[in-house]
Number of protein chains: 2
Amino acid sequence: MAKERLLVVGGNAAGMSAASQARRLRPDLDIVAIERGPYTSYSTCGIPYYVADLVGPLSALIARTPEQFRDQHRIDARTGHTALAVDCTAQRLDICDAAGHSYREAYDHLLLACGARPIRPALPGVDGAGIYGVATLADGEQIHQAIAQHQPRRAVVIGGGYIGLEMAEALVRRGLEVALVEAGPQVMKTLDPDMGALVADALREIGVALYLGERVEGFELNHGQVCAVTTDQQQLPADIVILGLGVQPNTTLAEQAGIPLGVKQAIKVNPRLQSEVDNIWAAGDCAESFHRISRQPVHIALGTVANKQGLTAGINLGGRYATFPGVVGTAVSKICKFEVARTGLQEQEIEALGLAYVTASIDSQTRASYYPDAGEIRVKLLAERGSGRLLGGQIVGVEGAAKRIDVLACALWAEFDVQTLIGMDLSYAPPYSPVWDPVQIAARRLVKEL
Amino acid sequence: MAKERLLVVGGNAAGMSAASQARRLRPDLDIVAIERGPYTSYSTCGIPYYVADLVGPLSALIARTPEQFRDQHRIDARTGHTALAVDCTAQRLDICDAAGHSYREAYDHLLLACGARPIRPALPGVDGAGIYGVATLADGEQIHQAIAQHQPRRAVVIGGGYIGLEMAEALVRRGLEVALVEAGPQVMKTLDPDMGALVADALREIGVALYLGERVEGFELNHGQVCAVTTDQQQLPADIVILGLGVQPNTTLAEQAGIPLGVKQAIKVNPRLQSEVDNIWAAGDCAESFHRISRQPVHIALGTVANKQGLTAGINLGGRYATFPGVVGTAVSKICKFEVARTGLQEQEIEALGLAYVTASIDSQTRASYYPDAGEIRVKLLAERGSGRLLGGQIVGVEGAAKRIDVLACALWAEFDVQTLIGMDLSYAPPYSPVWDPVQIAARRLVKEL
């Protein structure tokens, strides 16, 4: 009798976490992982730092190679192989190998961990050379090579989300003139506008030209190579263009197979990460998450979620029982001089839920005011009016600011109210904090608004 | 009719937080604060950094002066005034002013915020010149002056708690040869021995000579000035001696007045911070706290607790209602290259409670492994066997390590189990963390022990 087979589509965080976990629990399982690109298990989040020449070589971003998976984990990880179609009834997958030959693999369990792809707007010239999305390590490699080979002078980044901003900073570090175009009125729209404005200032400080409220209409090409970005207000010269317009779940394969999709076309999953089709699972950037504060399904494409979902799926695929408990919307990034963090719901999201809320923002310092290198930190908290329950928090500040968001994430997880946050026994020593931690100073301000 | 009067004994964190808060809520109240020393509202925790010449001048450590309290808050803060005796029945306090004259003040409400005093063992020579405790800003000032004036070459620090260790480091920074004598088998006994050993290594690395398991028996004096410390094993030459043997609540006044004391002779208080005597309140280092994990009263002399208790007492004295929710034993300090943090219960404390428990320690990094300046961090977690409920955590690591303790403090507050910690939506970006935060890596290890 043939061995039971787990087939994984996608060789990065979610897929390989699941495969590794399943292997640990079920040494008997036949595990095959299909990855379209050349690399497995790498740090997508490290790409801007690689492009900036802050980290490297490229291999430093790779946690495990296909060879390591094969030799150390007996996982048959096949790079350069693309999944073409799922037959859910026959339980088999059509695959195209690196040489372009199609073949077919049967599965007992299929895990879709196909990730997400950068949104590429259908604009004139968008397929020109020199226009890059940032979603895979291969994208990072191409951008890095393009800078080395073509020595571009002017870059235009489209989109003011965290990837766009991190890439803008990286390109400034590489000596390029950088313009950033954002259709909305602010950068970092996962923050409220007041907090986003601080981030915009930090970008301008390092010389990024910000064009907010400006819509890209197309790309000028010269012999197929991008030379300018046309917006509804101007033309910006560009030797290289980075698309930072966000990502969408890679779920064409799932959709064509009739696997039900949910919010933002992400694959619907239950807490065990099962899709609605028998023996098909999904995890990572192609799958939904449950938001513990809004109580709604969401699509959040982050490495933390992908790893946790992968682990959960892997435990279940390994024959045990685990559930993914959902998210509270935590994210952090480094943008120029600032550490930028958020968790929970922002104003717009709370309004969309129809909840009454209050907010408070405070300016404090990352260390005791008299301690060397004490620097600025702004904390904004949001709470439900009436109950005082914490709904969200945002932090922008210098070194030492960001990781404080985890206390708020934990407080959200515990469904604490603001008063509880004030009483909590948080740590203090002059090198790390004022005696009231800034998150507690913000909480003290917020209770006055309730 | 005379105004209602609040009399506060102790002009630092707890006392002046309470006085300020009471002032805000009751503009009509007559508020008098008695402080034995020359300063009000200062950062005791900043003293080692002041001695190290890392921060300064001395005034930088003072949040508010008596003049500011008088002019901005209408609080009559009297420095150099010592409380002599409380008459609980007549509701009055005998005081000795700066000139040595006694006088008497009546009170409607008395807040005892007398702080704590360094333990001074009754050993031969202990009252010699050049032997300093570290509890008040005046102590810090004296030590700083002594170094400037006498240029001591050799220092002996007695006691390996956080004050002793911070002072040892400060004295090394000032160019002294430093020996540290600790009667117990480890430094930093608020950590488990395995974690404390890391801290000891860091001290040795900067040249501190550690003598563990060695008991001080006396002090050699030369014309009244200390010149050596005699232990049960050797004589250590010393031009200056720092006592870091811990503190005890300053409750002689309370005891003599018949105010009931509790654990470690701290004043017994209810959650509103009322003592067991009518109209007498207590807050800060002279008062008890309730430990939310051991469910027992404890004495924890830390600025965080003092400030929170002061705020709570002040709200109540201001005519509103507030309770101090207790502590979970959180503390953090910077010892040489390490950030050292702990919360909850350590092994010894858990054993004393008779609980069955498991532990796990992991070594990880403060940033993504490929990111510049990624440094070592060790996290130890302790959980109840059977339930998996988190009981405590300890962290020793380089920059960025310490504040992670707050997540564990919050998780303890929420009475989370280790599995919950694994699922929690903590932040990740390569400059701040591996994709699984070290506290979650430790949690993943710990669940395997349950």
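## Exercises on a predicted model

β13(B) and β14(B) make a hairpin in which 2 residues lie between the strands, and His223(B) in the turn has a positive phi of about 55 degrees. The model is predicted, and the exercises below start from this hairpin.

**Exercise 1.** Find the sense in which β13 and β14 of chain B pair, and over how many bridges.

Solution. Step one is to locate the strands: β13 covers residues 216-222 and β14 covers residues 225-231 of chain B. Step two is the pairing, which is antiparallel and runs over 6 bridges. Step three is an example of a bridge: Leu221(B) has Val226(B) in β14(B) as its partner.

**Exercise 2.** State how chain B is superposed on chain A, and what relation between the two copies follows.

Solution. First take the operation: a rotation of 180 degrees, with 0.0 Å of shift along its axis, brings chain B onto chain A with an RMSD of 0.0 Å. The two copies are therefore related as by a two-fold rotation axis. Next look for the C-alpha of chain B nearest the axis; it belongs to Val407(B) and is 2.5 Å from the axis. Last, compare the contact residues: 100% of those of chain B recur in chain A, and the same surface serves both copies.

**Exercise 3.** Give the strand order of the 5-stranded open sheet in chain B and identify its edge strands.

Solution. The order is β21-β22-β25-β24-β23 in chain B, with antiparallel pairing. The edge strands, each pairing on one side only, are β21 (331-335) and β23 (357-365) of chain B. Direction ignored, neighbouring strands of this sheet are turned by 10 degrees against each other on average. Within the sheet, β22 (residues 338-344) and β25 (residues 390-397) of chain B pair in the antiparallel sense over 6 bridges. A helix can then be added: α12 (residues 438-447) of chain B lies across β23, β24 (376-384) and β25 of chain B, and runs at about 140 degrees to β23(B).

**Exercise 4.** Describe the surroundings of Gly344(B), and decide whether Gly344(B) is buried or exposed.

Solution. Gly344(B) is placed in strand β22 of chain B. Its bridge partner in β25(B) is Gly392(B). The relative accessible area of Gly344(B) is 0%; buried means under 20%, so Gly344(B) is buried. Leaving out residues up to four places away in sequence, Gly344(B) touches several residues, among them His291(B), Glu349(B), Leu391(B) and Leu412(B). Val328(B) is also touched; the C-alpha atoms of Gly344(B) and Val328(B) are 5.0 Å apart, although 16 residues separate the two along the chain.

**Exercise 5.** Work out the layout of the open sheet of 3 strands in chain A.

Solution. The strands follow the order β4-β5-β6 in chain A, and the pairing is antiparallel. At the edges stand β4 (82-87) and β6 (102-106) of chain A, each paired on one side only. From one strand to the next, the twist averages 25 degrees. β4(A) pairs with β5 (residues 92-96) of chain A in the antiparallel sense over 5 bridges. In that pairing, Asp87(A) stands opposite Arg92(A) in β5(A).

**Exercise 6.** Find which side chain of opposite charge is nearest to Glu35(A).

Solution. Start with the place: Glu35(A) is in strand β2 (residues 30-35) of chain A. The nearest side chain of opposite charge is that of Arg36(A), 6.3 Å away. A salt bridge needs a distance within 4 Å, and Glu35(A), though buried, has none. Beyond its neighbours within four places in sequence, the contacts of Glu35(A) include Gly10(A), Asn12(A), Arg78(A) and His81(A).

Technical notes: Residues numbered from 1 in each chain as written. Chains lettered and ligands numbered in written order. Predicted model: local features only at pLDDT ≥ 70, side-chain atom pairs only at ≥ 80, totals over all residues. Heavy atoms only, no water. Helix = DSSP H or I, 4+ residues; strand = E, 2+ residues; numbered from the N terminus. Buried < 20%, exposed > 50% of the residue type's maximum accessible area, 1.4 Å probe, protein only. Lys, Arg positive; Asp, Glu negative; His and termini not counted. Contact = heavy atoms within 4.5 Å. Least-squares fit on C-alpha atoms with pLDDT ≥ 70 in both. Pairing = 2+ DSSP bridges. Axes fitted to C-alpha atoms, helices over the stretch in contact; angles between N-to-C directions.
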